[in-house]
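Hi,

Here is the structure I promised to pass on to you. Have a look at it first, and then read on for what turned up in it.

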Amino acid sequence: MSAFEYVSNCWYPLGFSAEFPVDELQGHKIANRPIVVWRSEQGEVVAFDDRCCHKRFPLSESKLLDSGHLECAYHGLCYDTSGQCVAIPSQPDKAIPPQARLRTVPVVEQDGVVWVWPGDAAQAAGKRPPRTPEVVDPGKVAVGSPGPLRVPANYLLLIENLLDISHFYPLHDGNIGDKENSLIPVELEEGESEGYQYVKTIRRVEHYRQPPYLREWFLYDEVERLHTHCMVSPGLTRVEMHVAPPGQLDTDAVRGYTLLHLHFPVDERNLVWRWSVSCKKGHTPLSDPTIPTAHKVAEMFPSVVAQDQWALERQQKMFEYPDDGYAELFLKSDKALRRARQILMTMQRQERLPKAGDDKPSEHTIALVAQGGGVATA
């Protein structure tokens, strides 16, 4: 896995819609690309390369004017919501050069989530982000994570963690896991949905005694359980759990949740992770029938996430050492992890393939050479 960095040509979840209020500049780094984002007064989220086209100053550290234009804090170049430069204070009497504009980053707001495409913008055409209907489903109560979790680890490690519940013992023993969980058979499902190649694990078990957290959330001591984990895309992993007393999994006695894990690579050693839990409206936890189950899960789940973060950080540190003959052991329960890794590494390799014309010098390079190494002027 040491050769894996990240996939760039993909929709990644930048955050929940509520995280983008009107006229607030935000700077993000996704797949090693700096991006500036804001929501216009018309309610549209726009995203661009974060570098001013003049001297690379980070526009996310600049300001939005009352006119709705973005003004660079270094030399005052102003941009509209299309990325076009509309004013250059140092030469008000000259026409604005056509190249004075920002590189657009494709952005889509859908189902309560804002998505961006940090790679080749042309390849985003015709592709939509995966759906997250649970976030806005009126029949459910959905609660998002308190904020973005920044983890110093490659995001493939997180995806593998989310597909794998054989680590529930020992990592989550006493809250959502136990040794019995490790014995549940694993089924593997693969396919294509919404234009994405997915991998799903399916675990079915009868007469399973629920660990403490699950008993608190879903009431029952002994259950029949259907538990699935699916890498929907490089930016989304969906987890679903359905439990009921044995023999009642197809009845109104079913309880459970959907956990959406939204993640993106900052670079090859860092990731950002958000989650959203949704439960059926009207369901309440064992200890407090006055609050929705989703609120109780959201209150308790961060302690589980902290254990995963602890493990991911330590895994990542081990990549600092040369393999020197070391090779990972794959177990039978790791099938989905291996397939997810293969899918993402294949996507990465496809991005690295040389394209026609890649060996030609850029227009910028030609301009510098023609001027003897000087700086091209507009």
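**The nonpolar cores**

Among the 69 residues of the largest nonpolar core, those that touch the most other members are Tyr-155, Trp-217, Tyr-257, Val-277 and Leu-344. Helix α4, residues 293-317, gives the most to this core, with eight residues. Another core, of 16 residues, lies apart from it, and its members include Leu-25, Val-36, Leu-64 and Leu-77. Please keep in mind as you read that this is a predicted model.

Tyr-257 is a good residue to click on. Setting aside residues up to four places away in sequence, Tyr-257 touches Trp-217, Phe-218, Val-239, Glu-240, Met-241, Val-277, Ser-278, Cys-279 and Val-297.

**Two helices to look at**

Is helix α1 enclosed or open? Nine of the nine residues of α1 (residues 155-163) are buried, so this helix is largely enclosed by the rest of the structure. The buried residues are Tyr-155, Leu-156, Leu-157, Leu-158, Ile-159, Glu-160, Asn-161, Leu-162 and Leu-163, and you will recognise Tyr-155 from the largest core. The N-terminal end of α1 is capped by Asn-154, which has a side-chain oxygen 2.8 Å from the backbone nitrogen of Leu-156.

Helix α5 runs over residues 335-352, which makes 18 residues. From its first C-alpha to its last, α5 reaches 26 Å, close to the 26 Å expected at 1.5 Å a residue. Its buried residues are Ala-336, Leu-337, Ala-340, Arg-341, Ile-343, Leu-344, Met-345, Gln-348 and Glu-351. Helix α1 is part of what covers them, and so are the strands β13 (187-193), β14 (196-209) and β15 (222-233).

**Cysteines without a bond**

How many disulfides does the model have? With a cut-off of 2.5 Å between two cysteine sulfur atoms, the count comes to zero. Two cysteines show how this works out. For Cys-52, the closest cysteine sulfur is in Cys-72, at 3.9 Å, so the two are too far apart for a bond. For Cys-53, the closest cysteine sulfur is in Cys-52, and at 5.0 Å that is also too far for a bond. Cys-52 is buried, at 4% relative accessibility, whereas Cys-53 is partly exposed, at 35%.

**Two loop residues**

Ala-253 sits in the loop between β16 (236-244) and β17 (255-267). Ala-253 counts as buried because its relative accessibility is 17%, and the cut-off for buried is under 20%. Leaving out neighbours within four places in sequence, Ala-253 is in contact with Tyr-220, Val-243, Ala-244, Pro-245 and Gln-248. Its C-alpha is 10.0 Å from that of His-242, a residue 11 places away along the chain.

Pro-285 is in the loop between β18 (270-280) and α4. With 2% relative accessibility, Pro-285 is buried. Beyond residues up to four places away in sequence, Pro-285 touches Glu-216, Trp-217, Leu-219, Ile-291, Pro-292, Thr-293 and Lys-296. The C-alpha atoms of Pro-285 and Val-297 are 8.6 Å apart, with their positions 12 residues apart in the chain numbering.

**A buried histidine**

His-261 belongs to strand β17. At 3% relative accessibility, His-261 counts as buried. Its side chain makes a polar contact of 3.2 Å with the side chain of Trp-273. Not counting residues up to four places away in sequence, His-261 touches Leu-162, Gly-235, Leu-236, Thr-237, Val-239, Trp-273, Arg-274, Trp-275 and Phe-301.

**Backbone details**

Where is the cis peptide bond to look at? Such a bond joins Tyr-169 and Pro-170, with omega about 15°. Pro-170 is found in helix α2, residues 168-171.

Two residues other than glycine have a positive phi: Asp-111, near 50°, and His-207, near 55°. Are they buried or exposed? Asp-111, in the loop between β9 (107-110) and β10 (113-116), is buried at 15% relative accessibility. His-207, which lies in strand β14, is exposed at 52%.

Enjoy exploring!

Definitions and conventions: Residues numbered from 1 in each chain as written. Predicted model: local features only at pLDDT ≥ 70, side-chain atom pairs only at ≥ 80, totals over all residues. Heavy atoms only, no water. Buried < 20%, exposed > 50% of the residue type's maximum accessible area, 1.4 Å probe, protein only. Core = buried A, V, L, I, M, F, W, Y, C linked by side-chain atoms within 4.5 Å. Helix = DSSP H or I, 4+ residues; strand = E, 2+ residues; numbered from the N terminus. Contact = heavy atoms within 4.5 Å. Polar contact = N/O pair within 3.5 Å; in protein donor to acceptor, adjacent residues only side chain to side chain. Expected span 1.5 Å × (residues − 1).
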